[in-house]
Each structure stands twice: as C-alpha cells, then as structure tokens.
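Student: Could you walk me through one part of this protein up close? I'd like to look at a patch on the surface and whatever is worth seeing around it.

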Amino acid sequence: MGEKQEKRMIIDNSWGGRLPLLAIGVLAISLDSAVFNDFHVSATTLGLAQIVGFFSALALSLPLLALIDKGMRIRRPAHLSTIAVIALLVLFLRGGLLASLVQILGVPVTVAHLVTALFSVLALYAGYLWFVEPQRAQGRSDATRWDLFCLVAAGYAVLLRLLYLGVPELLFEEAYYWNYARHLAIGYLDHPLMVAWIMRPFIDLMGNTELAVRSGAFLCWLATASFSYRLTRDVLDRAAAYRALMLVAVLPIYFSFGLFMTPDAPVTACWAAAIYFMQQIVVRGKSRAWLGLGIAIGLGMISKYTIALLAAAIVLFVLFDRPSRKWLSRPEPYMAALVALALFLPAVIWNWQHDWISFSFQSQDRLASKFSFSLPRLIGNIIVILTPTGIVSVAALLIYRQQAWAGFSDRFASHTAATGTWLRSAILLTWLALFPLAVFAAVSLFRASKLNWTGPAWLALLPLMALLVTPGPAAGLPKLLTWCRQAWPPTIVICLLLYGAALHWLSLGLPGVAYPNNMHLIGWRDFARDVELLVQQSRRETGREILVVGMDRNRIASGLAFYRSQYLDAAGGNAGHDPAFETASEHLFGSVGLMYALWFPDSQQNGKTMLLVAKDASSLGTVQVLSRVKTAGEIKEIDVRQQGKPAGRYYARLVTGYQAKGVAAGAAVDGKPDE
C-alpha cells in the first residue's frame with residue numbers, strides 16, 4: 001500500500017472546517033434531548049431515558065463524523081472497540097452528572113439533561129482525538145502515551161467518584177457512622193472517633209445528605225493519593241509516580257475507600273503518610289520526618305486500631321536494621337511516640353470511662369469469637385480488592401524484584417542516588433507490607449476475615465507495582481513481568497467500566513438489571529418515608545411518642561435513622577423530632593446492638609410504645625419480643641422499590657408497654673392474649 005493510501009485526513013481546524021463538526025454536535029444534542037424527553041415523559045426511568053437518548057445521538061453522529069473525517073472510518077477492530085469503550089465511559093460519567101444535577105442541585109430535569117448532552121458531545125470528541133484519531137498519536141513516545149493513559153485513567157476515576165459522591169444511597173456502615181456523628185463523642189464501641197469527627201462538619205454545613213456523609217472520604221483519598229505519589233516519586237521518579245497515582249485511583253480497594261465514608265478512609269490516609277515519612281527517615285535520613293510519622297500514627301490510631309500493625313512493623317524494622325538503630329540513641333523517635341500517644345489519648349479516656357469496652361471488643365472479644373478457617377476467603381478478598389493482575393504483579397515483584405529494577409534502572413538512575421538506595425527502599429516497603437499481611441493471614445487461620453482488612457497494607461507496594469505499568473525494553477525480562485506490564489491497561493479499563501456500570505445501576509438503574517431483595521440500602525429513601533408516615537400515624541392514634549426499633553444488629557436502625565431524617569428535612573417537619581435519637585436496634589430484645597446499646601439503654605425504654613421493623617415477619621413474633629411488650633398490633637408489609645423496580649419487602653409491627661425484662665405471660669396480640 002502506497003504512502004498516499006496510508007495517509008489519513010484529520011478534521012480541518014479552520015472555521016470553515018469546524019462548521020460541519022459544530023453542526024453534527026448540535027444535531028446530536030438535539031436528538032439526544034428529544035429522545036430523552038419523549039422517554040422520560042412516558043414514565044420511563046431517568047436512567048433508561050438518558051441511555052436511549054445517548055445511543056440515539058451516537059448512532060447519528062458517528063456516520064456523519066466519518067463523512068467529514070476520513071480517518072474516522074472504522075476499518076480496524078481496534079478503532080471500533082476503542083470507540084465503544086469511550087462511549088460507555090462517557091455514558092456512565094454523564095449518568096452521574098445528570099443524577100447530581102437533579103438530585104443534589106435541584107436542577108429541572110430538562111435543563112439538567114441538556115447540560116449532560118453537551119458534556120457528552122465534548123467528552124466523546126476529546127476521547128476520539130486523544131485515543132482514536134491516528135495523527136494525534138504520531139510523534140509521541142511510548143512513555144508519553146503511558147503518561148497520558150495513566151493521568152486520564154486517574155482523572156476519570158476521580159471525576160466518576162465526584163459525580164456520584166452524593167447520589168447512591170448510603171451503605172449501612174455509612175448510615176451507622178452518621179449516627180456516630182449525631183451522637184458525637186471522643187470514642188465508640190467498635191471504632192475510634194475520627195470517622196465521626198470528620199463527618200460532623202460536613203453534616204452541619206450540608207445537612208443530612210449522602211454528599212455530606214461522603215465528602216470526608218474523598219478528602220481522605222486525596223491525602224492518600226498525595227502521599228503515594230510523593231513516595232513513588234522519591235523512590236523512582238515522576239513518571240513512575242503517575243503510575244502509582246493511577247493505581248491508587250483505580251484499584252478497587254482504594255476506589256471504594258475514596259467513595260464510601262468508613263474508618264478505612266482516614267486510616268488509609270494516615271497509613272500512606274506513615275509509610276512516606278518512614279521512607280524519608282530510613283532512606284533519606286530526615287530527622288524532621290519523625291514528627292510527621294508520630295502525627296500519622298496518632299491520627300491513624302483514632303481512626304482505626306489496625307494501624308498498630310504498621311507501627312509494630314516500624315518498631316521491628318528500626319530494632320533489627322543496623323543502620324536504623326542509630327535513631328534509638330536520638331530523641332526524635334521518642335518524641336514521635338509521645339505525639340502519637342497524645343493524639344490517641346481521647347480513645348484511651350473514653351475506654352477508661354466505659355470499662356475498656358472498645359479495646360476489649362477489638363481484641364479479646366474477637367479472639368474469643370467462633371472458630372473459622374477463613375484463609376481461602378482472605379485470599380479471595382485480596383484478589384477482589386487488588387484485581388487478579390494486581391495480585392500476580394505482587395507475586396512477580398516478590399520473585400523478580402531485582403530483574404524488575406534492572407529492566408528500568410537506566411531510566412531511573414538519574415533520579416535515585418544509587419541502585420543501593422532503590423534496594424533499601426524496596427526492602428523497607430516490602431517489610432511494611434508483608435508484616436501486617438502476615439498477621440492478617442495468621443488470624444484468618446482461626447477467625448473470620450473481612451474484605452477491607454488488608455487494603456491499607458498494599459500501599460507500601462504501590463511504588464514497586466508502578467514498575468510494571470511503566471514502558472521500557474522488555475528484552476531479557478522474565479515472561480511474568482512482561483505479562484503484567486501488558487495486562488495492566490485492559491485491567492484498568494475494565495475496572496473503570498465496572499465502577500461506572502455499578503454506580504449507574506445503583507443511582508439510575510440499568511435496563512434489564514434487577515435489584516436484589518433487601519439489599520441494604522437500595523430504595524430506602526422511599527422506604528424510610530413510608531416508615532416515617534407510619535410513625536406519624538401511630539403517634540396521632542396513640543397520642544404517644546414512637547420509638548422505632550430496627551430488628552437486627554445495626555443495619556435497619558442506621559438506615560431508618562438517616563433516611564427518616566432526610567425525609568423530614570425535605571418535608572420541613574422535623575421540629576422537635578429527630579430520628580437519630582428516636583431509632584434503636586434489636587438489643588432491646590436481648591440481641592446485640594453495638595453502640596445502640598449505649599445510646600438506648602434498655603432500662604430507660606420501659607413503658608415506651610415502639611414500631612418494630614424487620615425484614616422477616618417471623619422475627620416480630622418471637623418469645624423475646626412478645627414477652628417484653630404489653631400489646632402487639634398487626635404485622636404490616638412495606639414494599640421497597642428502586643427506580644420503579646422491586647427491591648425487597650420489610651415488615652412493621654406496633655407494640656406498647658415495653659419492659660426491659662421479659663414477663664412470663666405473653667403480649668396481647670391485637671387486643672387478645674397471645675396463645
């Protein structure tokens with residue numbers, strides 16, 4: 001094929017050349033809006049309407065664009081697949097934008113969709129120019145293309161989180177920690193204070209909204225990303241730091257930590273800071289870094305106790321690493337320890353005031369729990385949170401660490417003092433990762449493990465993993481290292497597509513994809529409204545205040561407290577009525593309620609009228625329930641729906657005359673003695 005046949009046209013950037021492109025953009029926006037409005041008016045869900053509108057506009061614009069830009073003709077499968085991926089990525093982004101405009105800012109639906117349609121056209125064209133149109137890629141080095149890919153992937157992940165931050169309903173854990181913030185204290189049973197104190201200012205500023213609950217998580221992620229970037233830049237170079245930034249933005253565990261507000265968000269930020277300052281101490285010999293390390297560990301300890309494993313790893317490294325032992329004769333480490341203890345003091349005081357229940361709950365109570373061999377589950381959790389490519393990359397680095405460095409040493413030599421500096425950093429980071437992981441693995445041999453346990457520990461390995469998403473000569477490298485380098489780009493794209501699809505499904509729905517029954521918290525905005533209306537009706541009929549009781553450990557109570565508050569805020573009817581202080585848990589009937597047992601001591605609820613809410617009708621008629629109440633009304637069904645689709649069913653029952661200690665005779669059911 002000759003040179004003329006190989007050459008492709010690009011869009012003329014003169015005003016005359018831009019006019020056809022502008023006309024196509026206007027046509028696409030117009031068709032998108034027309035189809036959206038038609039579907040939305042016909043009672044179609046917002047999600048389906050925006051999807052149909054988007055693909056209708058795409059079907060029109062692509063052929064027209066191909067007519068004016070010969071390089072656009074889809075002659076290669078690579079172009080077709082790239083355009084499809086870009087289209088899906090833009091679709092999920094615009095879903096978050098549409099939902100945020102309507103749900104958070106209150107923009108009229110028609111106006112909000114017009115904004116998203118314009119956004120779609122601009123985003124699609126930008127994606128085409130950078131990733132499809134061939135002339136734009138000419139002259140770029142492999143390193144430049146990788147830099148661009150990493151920055152765009154990280155930027156997309158950040159934007160996706162921002163657009164959906166306040167849209168999906170809360171996880172039950174988030175609703176539970178919102179209750180922490182409403183019952184503000186210097187300590188809590190199952191976690192320290194940090195998650196509540198981060199959340200409270202946003203709640204005071206923005207009210208009882210999902211955005212207020214989650215804003216702190218996003219800020220914590222920014223801190224995590226900053227320290228991970230700085231660590232990798234110091235260990236390797238700026239280009240490798242871009243790869244680490246992408247990993248901390250896109251890997252499932254860190255994506256979730258930056259979206260959902262749990263104690264994992266602040267402890268991960270503190271963990272990243274501690275690793276960075278420790279590397280500065282050990283490798284760079286910076287004495288000032290000890291203060292940063294003390295602050296990071298101290299703040300981490302009032303975020304989540306598990307950072308004590310990192311502190312132990314640091315102490316052991318200093319004790320057994322000969323060059324590091326020089327610090328033991330200097331005041332900086334001891335000052336850092338005092339700073340950490342001072343920051344941790346509120347948790348100590350609260351535990352002292354409450355008979356050390358939090359320390360006991362997180363230590364001996366967990367060790368005394370039921371035996372469970374969960375090592376396979378721990379391994380499965382790691383694969384989920386790191387992706388298969390991530391876990392293979394870690395294994396490859398542990399096996400071929402020196403070969404991985406040798407493959408890139410020429411590139412990074414000018415940014416590190418010597419290969420010895422790199423190896424010392426690698427040894428330190430590997431130890432700081434493997435020690436906590438070994439403890440978690442040991443615990444999983446006889447106790448249940450959780451999905452989020454090991455998340456912060458992998459931060460230490462991000463600089464090493466960045467080596468495998470860095471372009472460079474593959475000659476002489478083991479095949480496993482080469483495979484990892486090739487596997488990362490599709491892994492990143494797949495992750496972003498899955499995140500976008502999941503968030504769109506949670507927020508706006510997806511055609512043909514149903515919601516599982518009673519998945520917490522899907523459809524709870526309307527469900528909590530129905531419960532609150534039932535509470536108000538019961539209050540009018542009985543003339544008594546109603547205590548809502550979620551009949552499980554803390555899920556139902558937390559969700560109802562938050563979404564009843566949100567409903568009352570929107571309705572303007574919360575004067576003298578605060579569901580956060582009027583919603584308890586199943587601990588009132590002999591079960592476990594975590595912090596609800598302290599917020600609502602059973603002895604203080606005697607004589608109260610309660611609305612019991614459960615996901616299983618049978619749990620409303622047990623001996624534990626009927627022996628503690630005077631009368632029990634009929635059981636009512638409350639259906640849960642999300643985006644017009646069934647999402648579960650709950651049951652409610654009004655009871656009167658609660659007594660903390662059960663009585664021998666059963667309750668009167670519907671006015672008659674229970675038989």
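**The nonpolar patch and beyond**

Tutor: Sure, let's start with the greasy spot: Val-315, Leu-319, Phe-320, Leu-328 and Tyr-334 make up a nonpolar patch on the surface, and together they have about 510 Å² of accessible area. Keep in mind that this is a predicted model.

Who supplies the patch? Helix 15, residues 307–320, gives the most, with three residues. Leu-328 comes from elsewhere, namely the loop between helix 15 and helix 16 (332–353). Leu-328 has 34% relative accessibility, so it counts as partly exposed, because that class runs between 20% and 50%.

Now follow the chain on to the loop between helix 16 and helix 17 (357–362), where you'll find Asp-355. Trp-356 is found in that loop between helix 16 and helix 17 too. The backbone is worth a look here. Most residues other than glycine have a negative phi. Asp-355, though, has a positive phi, near 60°, and Trp-356 also has a positive phi near 60°. As for their surroundings, Asp-355 is exposed because its relative accessible area is 67%, and that is over the 50% cut-off. Trp-356 sits at 39% relative accessibility, so it counts as partly exposed.

Going back along the sequence, helix 14 (residues 289–301) holds Ile-297. Ile-297 has a relative accessible area of 11%, so it is buried. Its C-alpha lies 6.6 Å from that of Cys-270, although Ile-297 and Cys-270 are 27 residues apart in sequence.

For a contrast with the greasy spot, check the charged one: Arg-230, Arg-233, Arg-238 and Lys-286 gather on the surface in a patch of positive charge. Arg-230 belongs to helix 10, residues 210–235, and at 30% relative accessibility Arg-230 counts as partly exposed.

Last stop, the aromatics. The model has 31 aromatic pairs. One of them joins Tyr-180 and Tyr-188, whose rings are stacked, at 3.9 Å centre to centre and with 10° between the planes. Both Tyr-180 and Tyr-188 are buried. Zoom out a little and these two tyrosines turn up in a cluster linked by ring pairs, along with Tyr-176, Tyr-177, Tyr-596, Trp-599 and Phe-600.

Methods:
Residues are numbered from 1 along each chain as its sequence is written. This is a predicted model: local features need pLDDT of at least 70, side-chain atom pairs count only at pLDDT 80 or more; totals for chains, interfaces and linings use all residues. Side-chain values use heavy atoms; hydrogens and water are left out. Patches are made of residues with over 30% relative accessible area and no salt bridge: like charges are joined within 9 Å, nonpolar side chains (Val, Leu, Ile, Met, Phe, Trp, Tyr) within 5 Å. Accessible areas come from the Shrake-Rupley method with a 1.4 Å probe; for residues, only the protein chains shown count as cover. A salt bridge is a side-chain nitrogen of Lys or Arg within 4 Å of a carboxyl oxygen of Asp or Glu. Lys and Arg count as positive and Asp and Glu as negative; His and the chain ends are not counted. The place of a charge is taken as NZ of Lys, CZ of Arg, CG of Asp or CD of Glu. Helices (H or I, at least four residues) and strands (E, at least two) are DSSP runs, numbered from the N terminus. Buried means under 20% relative accessible area, exposed over 50%, partly exposed in between (1.4 Å probe, protein chains only). Rings of Phe, Tyr and Trp (its six-membered ring) pair if their centres lie within 6.5 Å; planes under 30 degrees apart count as stacked, over 60 as edge-to-face and the rest as tilted.
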